[in-house]
Amino acid sequence: GKFNASKYILRNHKTVLQTAWTKQTQARQSQSVEIETPPLSSIRHSPLFQAELGNGSVCAKVTHSRVMVLKLVQRIQNLGLTGQRLWSFHGALRLSWLGTHSLKPACPVCLWTGSRRCIVSQGCRRLQYDCGRMGLSTIVRDPLQFSPGSVSLHGDATSTFRLSLQHPTDNSAERDFADGLGSCSTTRQVLKLLQAAETVSDTMAAAALHKVADLEQGEKGLKDPGVLEKDIVKALCFQLERGSARLTDGGLASALLACTRLHLEPWSTLMVRLVSESQERLGRGRMTVDQLCTLAEALLALEGPGCVMLQQIMEAVQEREPRDWSLRELIRVYGTLQAGVGEGGRYQDLLNSMNAHAVSVTARLDPASVSVILNALVVLKQTKPVPLVVSLCKQSVRHVPHFADEQLTQVLGALMHFGHSDRYFVEAMERHVPSVAFTARPETIAKVMQYFGRRNILSPPVFDAVAESFVYRADSYSTSQIARQIMPFGKLAYLPPNAAEVFRKVETVLRGRFSQFQPRTVLNLLHSCTLVERFPVQFLARVFNPFFIQQLQAQGTGMDWTVLAQLTQLYMTVKLECPFYEGPILHRKYRVKSLFTSVRSLETPVDGLLYNTVKTVLVDLLGDRTYFGSWVLTPYCYTLDVEIKLDEEGYILPARHTDEVYRRIALCIDGPKRFSANTRRLLGKEAIKQRHLRLLGYEVVQIPFYEFEKLQSKAERVDYLHKKIFPHSYRLSW
């Protein structure tokens, strides 16, 4: 049919879609649109066209039995190309080249698929010339009389299959196809499966594209972009494009999402058709919540959270209450909000309703659903759903053996985020981790150790299994994964049975990959080693180097206090426990005066209630408050809970007395936070403190909470402190 086209140079993708949809709506209402078209050569040489080279768009309207907007996307890529003219010839498209090229017919299939070259690499044998690289794609509805629902591969290709758009295949065929996809481990196997199928439904076709995306997904796009040039993939996309109006709602949304995952060009004919059809389906209001979520994820990938259609989708989702959704729909909405729709606190009322409903259905959630919800709560920065987190943690206990590595990683990350731990969950992990320590993903093992370290949970079965696997697998770990697996050993002051092999491996890795470690990662790793009396002497010269210290400085904020405190304690460890070290030392300007602060301190604050109780008993024991000092900062950076001074004859001196001090007694009033959460073992930072105080000449007396709190009467407590502080002297009564 004859048509006139108008040129639009459009600034961004959003404007292109909105303009196309507006023209399409007007066309359907009026059944005829005619627009004046400026000469193509003047468009091409205009400054605005040159600025938008490769992103130009032309919209037009075909007056035909089936009316639709035509969008011509121009890409001028060859310097020798001087112009293009497109017209209709007896129902078939023909392309004429102006300038040095003679008039030749173009391949309709290449134009239809938005391909940059002919489907057959040797050229279109039907038209007897090579289509080459195309800089032009069209959006046309039925300009050629192809039989709906089927297509033969272009040229002499022999692979044919049929895409069932109007009548889905039987359920058994779909199940068999899904099973076949599940067993495919390479893209080649997926394509063979497609090629062997005589008939596939739109959902099966979309599932195949999703499988290809799963197998080819890389860090920066597809591992092998050439997979999109495969004949079978192009033919499949061609049929999806031709039959977009006949796709089911689920097949349409899934196909669009699959195309975004395959990184297809957003303004290819296929993508624009699928988006346009999706908006039309959305306006009908018949899509399910599951289908709406699939469509939302696709639009997020195309345009981000600012997409106008996302608001329409979420309005449609909220038309039904969460209690009326299926479990699958509930999980899909959580995933959609997490993907970006819910960022910035949007749809918080919907989230509150979902969280309240989710509590009642947690017992029916499978492992994947538990991990999705927990991860969504973290990403969406939810702070109030404590009952839901507790309920999900209880459900996780049942699923620990069945979690995939990525799912377990997400669950552990969420439990760390919310600060929740459960004895039964820990026991389940103790049974599970030893069986997968050698086979699980490195990131999962690192997250396991990070969880136990963050929650101060000492689990010898887990730590021993990880230590054993570390010796054999450390070479394949990233520097961050190495540090996260070793640091909990220091924090919880635990040495596994194969400690010598573990720290020998750490030393080997550091020696060979030191330059790959981030400076703070190196410092954290070496500091953790010193907590368990493993001294990295050969690396201290590098750490105390001024250049290394400069790298540790936080950009724009100066040196971080925690870094300085770690350096100071590392320096003290070398001086006290490695007297043979003769290398560079830490410059005085980088040393802190106290290792105690209210934030991220290298010393655990004393428990206030326990301290007050002990202080009262000490007054009764010593006779007066002046005979002991509290919170005493020593010249060696450590803070003492209580200090008692004695002269040479053993008499107690007033706390302010500085002369003739012969003995100093440091009382460590150790509350629950100074021990691991599930044992009575001191944390690493408390163990090194007491070790250093002894080396500095203090008599360290430990008053653990679990001993002192068992004493009920005042007399029992006084007698207990006397035996602890003065074990070899008689107690005097005041």
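The dialogue below works through the backbone and the largest pocket of a predicted model.

Student: Why is His 263 called partly exposed?

Tutor: His 263 has a relative accessible area of 46%, and because partly exposed covers the range between under 20% and over 50%, the value places His 263 in that class. This residue lies in the loop between α9 (249-261) and α10 (269-284), and its phi is near 60°, a positive value in a residue other than glycine.

Student: Why is Asn 456 called buried?

Tutor: The relative accessible area of Asn 456 is 18%, and since buried means under 20%, Asn 456 is therefore buried. Asn 456 sits in the loop between α19 and α20 (460-473), where its phi is positive, about 55°, although the residue is not a glycine.

Student: What makes up the lining of the largest pocket, by class?

Tutor: The lining has nine nonpolar, 15 polar and nine charged residues, with Gly counted among the polar ones. The space in this pocket is about 1,100 Å³, and of the 33 residues that line the pocket, Gly 453, Met 487, Lys 491, Gln 566 and Arg 600 are the closest to its centre.

Student: Which helix gives the most to the lining of the largest pocket?

Tutor: That helix is α21, with seven residues. At least two residues of the lining come from each of α19 (442-454), α21 (479-491), α23 (519-531), α26 (561-577) and α28 (684-695).

Methods
Residues numbered from 1 in each chain as written. Predicted model: local features only at pLDDT ≥ 70, side-chain atom pairs only at ≥ 80, totals over all residues. Heavy atoms only, no water. 1 Å grid on protein atoms, 1.4 Å probe; cavity = no way out; pocket = protein on both sides within 12 Å on 5 of 7 lines; lining within 4 Å. Points joined across faces, edges and corners; volume = space filled by probe spheres on them. Helix = DSSP H or I, 4+ residues; strand = E, 2+ residues; numbered from the N terminus. Buried < 20%, exposed > 50% of the residue type's maximum accessible area, 1.4 Å probe, protein only.
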